[in-house]
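Trainee: Hi! Could you walk me through this one before I set anything up?
Mentor: Happy to, let's have a look together.

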Amino acid sequence: MKKRSMYWRMVTASLARRRSRMITALLAIAMGATILSGLVTIYYDIPRQLGKEFRSYGANMIVIPTDSEHKITDEQFEEIKAGIPDGKLVGLAPYIYQNAKINEQPYIVAGTDLEGARKNSPYWLIHGEWPSQPRQVLLGNEIAKAIDLKPGEKFTLSTPKNKNESTQTDFIVAGTVTTGGKEEELIFMSLEDIKSIIGDKGLDVVEASVEAEQAELSQIVENLKQKDAALTPQMVKRVTASQDVVLTKLQSLVWIVTVIVLGIMMICVSTTMMAVVTERRKEIGLKKALGASNESVVSDFLGEGMMLGFAGGLLGSGMGYFFALQVGMSVFARRIHFLPAMIPVTVIVSIIITMIACSIPVSKTVDIEPALVLRGE
Amino acid sequence: MFLRMIWGALFRQKSKMLMIAFTIALGVSLSTSMLNTMLGVGDKVNQELKAYGANINVVPKEASFLDDIYGVSDQEEKGQNYLNEDELGNIKTIFWAFNIVDFTPYFYAKVKVNDDSKDTRLVGTWFAHHMELQTGEILDTGMIKLKSWWEIEGEWVNDDDDDMIMAGSVFAARNNLKVGDSVELSTPNLKKTVKIKGIFNSGSDEDQYIYSSLKLAQDLEGKKNVVNRIEVSALTTPDNELARRAAQNPLSLTLKEQEVWYCTAYVSSICYQIQEVITDSVAKPIRQVAESEGDILNKTTLLMVLITILSLAGSALGISNLVTAGVMERRMEIGLQKAVGASNTKVIFTILTEIVITGIIGGFVGYFAGIGFTQIIGYRVFGSAIPPAPMVIPIVAVLVFLVTILGSIPAIRYLVNLNPTEVLHGR
């Protein structure tokens with residue numbers, strides 16, 4: 001009992017008395033631990049974060065009716081919604097297409113859930129605003145140019161009612177949309193608006209943006225197919241296949257960078273520790289001259305190393321999480337997941353590295369004749 | 001005498017100095033590799049993002065995309081506008097020609113397959129077209145590279161096959177066609193029997209069409225030297241404020257801004273330059289690809305910058321720590337020097353010189369090790385080398401210099417206040 005308390009007194013006193021040197025060592029360890037916990041946290045969170053980022057490519061799954069004569073009903077729409085796991089859905093936009101005329105020129109109206117379309121396609125460039133009131137539309141840029149309409153202006157849309165008659169409805173342009181693709185030649189309005197003009201005929205297509213890799217997505221597609229044969233869900237290959245290719249690359253980039261940085265930092269930490277310990281050859285000599293056994297000298301140093309490693313690891317895992325959080329906020333503007341397992345891992349790795357780094361110089365010095373060391377050789 | 005002291009210190013304290021040099025080398029290699037990777041990663045990721053295909057669409061003025069997809073404006077055949085096939089090579093002559101990765105033309109023909117009552121769209125295009133430009137440059141470009149996500153059963157068509165086609169999976173399923181089957185294509189101009197060389201699955205509308213060489217499609221429609229549309233895949237710089245303003249109206253820029261804009265690889269300036277070389281064309285960025293590319297590129301670069309900063313801080317701390325430890329350890333020797341009459345400045349100067357020499361050696365070794373690490377990253381991840389950026393050398397040099405000098409400041413302060421007798425006495 002006495003022996004143990006003496007041991008701890010020696011260890012703590014040695015740490016406290018040589019404050020500046022110990023702070024140096026602690027800093028080194030904490031830095032290593034920060035990098036360890038920070039990078040590993042980022043590495044684990046990257047797929048999730050980048051996966052979200054890749055959703056800016058727009059919808060990666062579309063559902064069309066199997067039989068082109070049929071439409072998608074509201075119940076089927078709910079089915080699709082239910083088929084996508086909670087929390088994975090970024091946006092879901094049903095579409096109804098309808099021929100219409102403005103000034104006797106033929107155009108196509110797309111009725112959709114505007115909120116869903118907005119989430120699906122963050123790349124749409126809007127001049128003006130998204131429609132927020134009934135009877136407001138988002139006009140494709142090409143149409144806006146062709147018939148010279150600007151946001152805020154009014155126009156009359158005529159839709160066929162039956163063979164020879166047509167319905168005239170007034171709309172206000174809330175904004176125009178530029179994409180470089182087919183959207184520029186469509187007129188977007190809310191589902192309610194289009195249903196109020198042409199009645200409820202069902203949906204032509206449903207576009208979904210799901211936060212999932214190709215494998216996961218094809219599972220969702222399969223399930224949907226199984227559940228309802230009248231629906232044909234498809235992956236948008238261009239988006240899904242390419243996402244897998246690029247995401248794999250980015251992940252392996254972060255992986256290899258993490259490995260290299262960690263490897264080098266760990267060696268750096270060990271050399272610093274080794275330098276700090278080598279300095280204390282005299283102390284080792286003195287202890288031995290007073291009759292300490294080699295084992296007790298080594299265990300003294302290991303005890304110190306362990307405490308340093310523990311403190312440094314703890315400090316580092318906190319700072320590492322803070323760093324990862326900063327990265328998450330500034331790069332992805334999102335919180336990064338906290339990995340509770342990183343704390344013990346960081347602390348244990350720090351302790352192991354410090355102890356290894358201590359034991360190398362100590363075991364070298366321990367065999368030296370105390371007299372030689374004390375004389376200053 | 002000074003030199004002898006330095007050399008003596010360096011050699012006698014071999015293991016100590018070696019350790020400092022080693023740590024400096026580690027720190028430098030880390031900084032070098034991270035900085036190089038950070039600077040090179042943008043280009044590499046940009047290349048990878050080309051997997052998403054074209055980011056620029058070139059169409060004739062007044063052309064409509066819509067008939068592609070919904071077949072609406074087909075009712076009346078108005079005077080179609082075309083682009084000139086001859087001018088395609090010009091795309092590779094624009095200011096940013098080097099950034100044009102791939103491009104391919106499309107020509108649309110309406111054909112009846114096996115006397116089907118409905119028309120099917122036949123798309124004539126380049127698959128792996130070989131071009132020799134006036135500039136002497138040789139170029140292979142086309143669909144095969146642009147549509148990396150297509151799944152092919154059978155084989156791609158060659159550009160000189162004029163009796164082979166590729167069928168979309170939806171079209172093939174609808175008509176019960178398999179690879180190797182023969183079908184008859186007919187237009188008012190021509191009847192031709194062709195073989196299906198491949199069936200593709202693209203996961204989009206294209207699956208309902210037939211693809212063939214450009215020549216075959218033009219022959220079927222009785223047209224020469226025309227195309228409907230060109231898709232271009234270009235490496236671009238993410239848009240900034242200037243690019244956004246220019247995209248809205250290039251004329252709103254001042255002369256100087258315009259020059260900057262024109263000479264930066266923004267997608268809008270590349271579009272502008274393509275319009276200059278293709279008569280009566282409109283080049284539009286496909287925002288789905290162009291915008292997202294910019295997003296992901298910016299995010300990846302920022303991520304690398306932050307990781308780089310962290311590793312720079314880490315290596316700086318590692319180096320300065322060891323330098324401090326190294327100097328402190330030598331207080332006996334320095335006490336002796338002071339006891340025999342060395343001035344403070346002289347002592348400091350000697351120590352700094354030693355450390356700087358060690359730093360230079362370590363830095364030199366570390367720089368090359370760092371380039372090695374960069375190449376490991378480049379080859380492991382992207383399968384190609386990341387060119388070392390020259391600007392990394394001064395950055396790392398300044399960093400090492402500052403860190404070693406700063407690292408020795410606390411030690412030097414201590415040494416200056418050192419009382420020789422105390423130290424020599426062993427206190």
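**Confidence, domains and contact**

Mentor: Let's begin with confidence, as this is a predicted model. Among the elements of chain A, the lowest mean pLDDT, 70, belongs to helix 12 (residues 370-375) of chain A, and the highest, 91, to strand 8 (residues 186-190) of chain A.

Trainee: And what does chain A average in pLDDT?
Mentor: The average for chain A is 84, and 97% of the residues score at least 70.

Trainee: Nice. Which domains does the assignment give for chain A?
Mentor: Domain 1 is made of 2-53 + 245-375, while domain 2 covers 60-235. The centres of domain 1 of chain A and domain 2 of chain A, taken over C-alpha atoms, are separated by 57 Å.

Trainee: Switching topic: which residues of chain A carry the "transmembrane region" annotation?
Mentor: The unreviewed UniProt entry puts it on residues 253-277, 298-324 and 336-358 of chain A.

Trainee: What about helix and strand in residues 253-277 of chain A?
Mentor: That span is 100% helix and 0% strand, with its end C-alpha atoms 36 Å apart. Residues 298-324 of chain A are also 100% helix and 0% strand, and there the end C-alpha atoms lie 37 Å apart.

Trainee: Now the contact. How many residues does it take from each chain?
Mentor: Chain A provides 53 residues and chain B provides 58 residues. On the side of chain A that touches chain B, helix 8 of chain A gives the most, with 22 residues.

Trainee: How does that side split by class, nonpolar, polar and charged?
Mentor: The side of chain A that touches chain B has 31 nonpolar, 15 polar and 7 charged residues.

Notes:
Residues are numbered from 1 along each chain as its sequence is written. Chains are lettered from A and ligands numbered from 1 in the order in which they are written. This is a predicted model: local features need pLDDT of at least 70, side-chain atom pairs count only at pLDDT 80 or more; totals for chains, interfaces and linings use all residues. Two residues are in contact if their C-beta atoms, placed from the backbone, lie within 7 Å. Helices (H or I, at least four residues) and strands (E, at least two) are DSSP runs, numbered from the N terminus. Ala, Val, Leu, Ile, Met, Phe, Trp, Tyr, Cys and Pro count as nonpolar, Asp, Glu, Lys and Arg as charged, and the others, Gly among them, as polar. Domain bounds come from an automatic or database domain assignment. UniProt positions are given in the numbering used here, feature names are shortened, and annotations may be inferred rather than shown by experiment. pLDDT is the predictor's confidence in each residue, from 0 to 100.
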